Amino acid sequence: MRLLRKISEKLGREIESGIDIVGDIAILKLPNMEEQKKKEICEIIASEIKNVKTIFEQTSPVEGEYRVRKLRHLYGVDKTLTIHKENGISLKVDVARCYFSPRLSTERMRIASQCKTGEKVLNMFAGVGPFSILIAKKAGCEVVSCELNKYACSLHKENSLINKVDSLVNVINTDSGYLSSMIREDFDRVLIPLPSSSNNYLQIARNFVRKGGIMHYYRHVGGRDEDDAKARLEAELRATLHEAQLSLRKVREVGPRFFELVADIKL
Ligand SMILES: C[S@@+](CC[C@H](N)C(=O)[O-])C[C@H]1O[C@@H](n2cnc3c(N)ncnc32)[C@H](O)[C@@H]1O
């Protein structure tokens, strides 16, 4: 953003790389500074990104069971509900009460592009439905979505209706740890998008995958660099999945020497 860089090249670049735009809401990560300066920054952002009606400052990391971040209102209409469009689908999102990251849209398309019509898919940590709905819409798969946050589930159900995939997507409001007592079927593909603690669910996920099926296992891993982090994840997985075919990729960097990786695991 040209005007943001005018404040200072370094600060402008730092702010830009931290902006999340969800629908008409912008979420900023700001360093310590005076309120007046924050106001100026908001005005520049609102003038440069025409669609932005509301701006929040993120005041905590993504945290807690529901993986949400604390927000402080800085500018414009004080509301947290919006409609976000990505990959040809529309998603109703509450940025204060549910997890959502616009930064994962390419990853969601990568997974949806691998899915084939007729596959049965289980998404163990579904949020408001961005993976599940895209998979149902693009590939026509039947999807079971599991989500602990009741409000995220209700938005997911609305989103399934909005995108006309409600007959393909079944949303279950429960802890994924209890799924084995609720569902007996096998799946062609299981998604485990809870990178902060997915290791606690790997065995449960594995039991749901049919022979020859695939798991997409998301994990936060520290390491000197990307290759080191991948080597650590591979060692972690090899300890229990001796015979599986693994393919590891970086999804994004989530901190200094801290990576979000995904392992595509073919059983
Ligand atoms: C990192 S978010 C991913 C959400 C979604 N896949 C997305 O990309 O937007 C993880 C989600 O898992 C949910 N969650 C956390 N623990 C859970 C559990 N034990 N069982 C089911 N859902 C859980 C959180 O509420 C959150 O919505």
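A polar contact is a pair of N or O atoms within 3.5 Å. In this predicted model, the side chain of aspartate 175 meets that cut-off with the ligand: one of its N or O atoms is 3.0 Å from a ligand nitrogen. Two backbone atoms also approach ligand nitrogen atoms. An N or O atom in the backbone of phenylalanine 125 lies 2.9 Å from a nitrogen of the ligand. For serine 176, the distance from a backbone N or O atom to a ligand nitrogen is 2.8 Å. The ligand on its own has 600 Å² of accessible area, and the protein covers 96% of that area.

The shell around the ligand consists of 19 residues. Glu65, Phe125, Glu147, Asp175 and Ser176 are the closest. By residue class, the shell holds 11 nonpolar, four polar and four charged members.

Phenylalanine 125 has a second role in this description, as part of an aromatic pair. The structure holds three such pairs. Phenylalanine 125 and tyrosine 201 meet edge-to-face, with 5.0 Å from centre to centre and 80 degrees between the planes. Phenylalanine 125 belongs to the loop between strand 7 (120–123) and helix 5 (130–139). Tyrosine 201 belongs to the loop between strand 10 (187–192) and helix 7 (202–208). The pair therefore ties together parts that are 76 residues apart in sequence. Phenylalanine 125 and tyrosine 201 are both buried.

Another pair joins phenylalanine 131 and tyrosine 218. Their ring centres are 6.0 Å apart. Their planes stand at 55 degrees, so this pair is tilted. Planes count as edge-to-face when they are over 60 degrees apart. Phenylalanine 131 sits in helix 5, while tyrosine 218 sits in strand 11 (residues 209–222). This contact therefore links parts 87 residues apart in sequence. Both phenylalanine 131 and tyrosine 218 are buried.

Positively charged side chains also meet aromatic rings. Arginine 97 lies over the face of tyrosine 151, 3.6 Å from the ring centre. Lysine 120 lies over the face of phenylalanine 187, at 5.8 Å from the ring centre.

One further contact involves glutamate 86. This residue is found in strand 5 (residues 81–86). Glutamate 86 has a relative accessible area of 6%, so it counts as buried. The side chain of glutamate 86 makes a polar contact of 2.6 Å with the side chain of arginine 108.

Note on methods: Residues numbered from 1 in each chain as written. Predicted model: local features only at pLDDT ≥ 70, side-chain atom pairs only at ≥ 80, totals over all residues. Heavy atoms only, no water. Near = heavy atom within 4 Å. Polar contact = N/O pair within 3.5 Å; in protein donor to acceptor, adjacent residues only side chain to side chain. Areas by Shrake-Rupley, 256 points an atom, 1.4 Å probe, with all protein chains shown as cover. Nonpolar A, V, L, I, M, F, W, Y, C, P; charged D, E, K, R; others polar. Phe/Tyr/Trp six-rings, centres within 6.5 Å; stacked < 30°, edge-to-face > 60°. Helix = DSSP H or I, 4+ residues; strand = E, 2+ residues; numbered from the N terminus. Buried < 20%, exposed > 50% of the residue type's maximum accessible area, 1.4 Å probe, protein only. Lys NZ or Arg CZ within 6 Å of the ring centre and 35° of its normal.
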